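Dear colleague,

Please find the structure below, followed by a short account of what was found in it.

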Amino acid sequence: MLRSTIEELYRSESRRVLATLIRLLGDFDLAEEALQDAFAAALARWPETGLPDNPRAWLVSAGRFKAIDQLRRRGRFDRSLATLAERLAEQDTGTPELEDGTLEDDRLRLIFTCCHPALRPDARIALTLRTVCGLTTEEIAGAFLTSTPAVAQRIVRAKSKIRDAGIPYQVPSRAELPERLDAVLHVVYLVFNEGYSAIRQDLSAEAIRLGRLLVELLPEPEAVGLLALMLLHESRRSARLGPDGTLILLEDQDRSTWDRARIREGSALVEHALASRRFGPFTLQAAIAAVHAEATGASATDWAQIVGLYDVLLRVDPSPVVELNRAAAIAMRDGPARGLVLVDAILARGELLDYRYAHAARADLCRRLGRTGEALSAYRRALELTSHHSERRFLEGRLAELLG
Amino acid sequence: MKYLCLIYSDESQWAAMSEEQVNAVMGEYFAFTDEIKASGHLLGGNSLLPTSSATTVRVRNGKMSATDGPFAETKEQLGGYYLIEAVDLNDAIRVAAKIPGARHGAVEVRPIEEFDAA
């Protein structure tokens, strides 16, 4: 009975406890060992003593004492560790340190430290999934199709950079917040996207959980916007794949299978973020997704509004990818010929030449215009550039249709 | 005249050395430092932590960017240095971003290696 309570506590509390231990001990590895030791101690002690009043506080202080013990033991061979142990032992943390407010701050500290811009982007993702979400190195490697040693090394390097370069365990100041939050949101979004396009629901679910945590801890409009965007995309998950695993485009999806609860939540969040008037690219993308979510079909979609939102997005966050999406929306509003001119203009500038969706978009527009030869070669180029199974099946299907 | 002597070496060679070899090279450095201290040449010097601890700071159009890793372009050349005391990397990055050179070139921020007082 108690054992399952402890396992449940591990799932719900271990990341909070770890975040606080990192602050108290000032070291990621030491804190991780202390966390394991604290839970081992709970398994040994609680069956006799019963569940403590505040298990979280108990685990934090048990972890801290275990770490000090550990350092003292190793300190027999290394004086600097002994000094560190004494310094930690002198810091009387007391109970105020363990109040909920401080603990929540620790979780934010952990997120901002793991997503620090001075870490490599792939290291930020690996470290966040490992420490904030508690995924194992194997799970992260599986999700990103890399080897476990490669992920482990990324995490080791990130931790030593944090230690050696003196990356602080801190929530950034007001002045630095917008930029730093942006880095955090991008990590969350990358995790979500990987889960979404590689059809790894667990990864998308993890990103949404992270998004919820951020909104709870720091309800900035863009954090709200990102959560909305993820929920609105996620609402279409079951509609975007056929029974054989082929990708189904938005316009061909069975909208009755869209998850209405997620759409309601996402749309409400979009409105909330837009009302703040301090929104950015994630909120705008979520607003576009919300317009799609409201429409009963592709032809009933308010394409004028979507183009308008892309116009704003292009001003706020100019990029060739946004331009491409805007071109696709214009094709829906004004016909494929108008869209194709815009897509070709991007490619003619030498941009997005290796971006699979640019070629897929071009292929689709050529197909609709009856320019079969061009459509075929663009679909082939897109196929060369994608490794995702569902996308490959979709592109192969289109090629077969055009050739048949 | 004052001169800055910059030391370039292959980090992977350092990493591959045994503790004994490292101690031997460090011994040479300590002897050299004592020698130029005695001769009156020494103004100061530090050992840097490896480039894996480096952060490169740039400011473009008023927007600061800090990225992982050392300065790796060959277009720009080393033009000067500041040795600063900062609370942590965020503080160091804030200072580095204010160096005028960060607006057209780049500033590499590297922690100084602290040796345990033996």
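**Helix H16 and its surroundings**

In H16 of chain A, the residues A:Pro336, A:Gly339, A:Leu340, A:Val343 and A:Ile346 are buried (20 or more other C-beta atoms within 10 Å of the residue's own, against 12 or fewer for exposed and in between for partly exposed, with C-beta atoms placed from the backbone). Viewed down the axis of H16(A), these buried residues fall within an arc of 120 degrees, taken from the directions from the helix axis to the C-beta atoms, so they line one face of the helix. On the other side of H16(A), A:Ala337, A:Ala345 and A:Ala348 are exposed. The cover over the buried residues includes helices H15 (320-334) and H17 (356-368) of chain A. Helices here are DSSP runs of H or I with at least four residues, numbered from the N terminus. A:Gly350, which follows H16(A), has a positive phi near 85 degrees.

This is a predicted model, in which local features need pLDDT of at least 70 and side-chain atom pairs count only at pLDDT 80 or more, while totals for chains, interfaces and linings use all residues. Residues are numbered from 1 along each chain as its sequence is written, and chains are lettered from A and ligands numbered from 1 in the order in which they are written.

**Contacts of A:Val188**

Beyond its neighbours within four places in sequence, A:Val188 is in contact with A:Ala207, A:Leu210, A:Gly211, A:Leu214 and A:Leu226 (contact requires C-beta atoms, placed from the backbone, within 7 Å).

With kind regards

Definitions and conventions:
Two residues are in contact if their C-beta atoms, placed from the backbone, lie within 7 Å. Helices (H or I, at least four residues) and strands (E, at least two) are DSSP runs, numbered from the N terminus.
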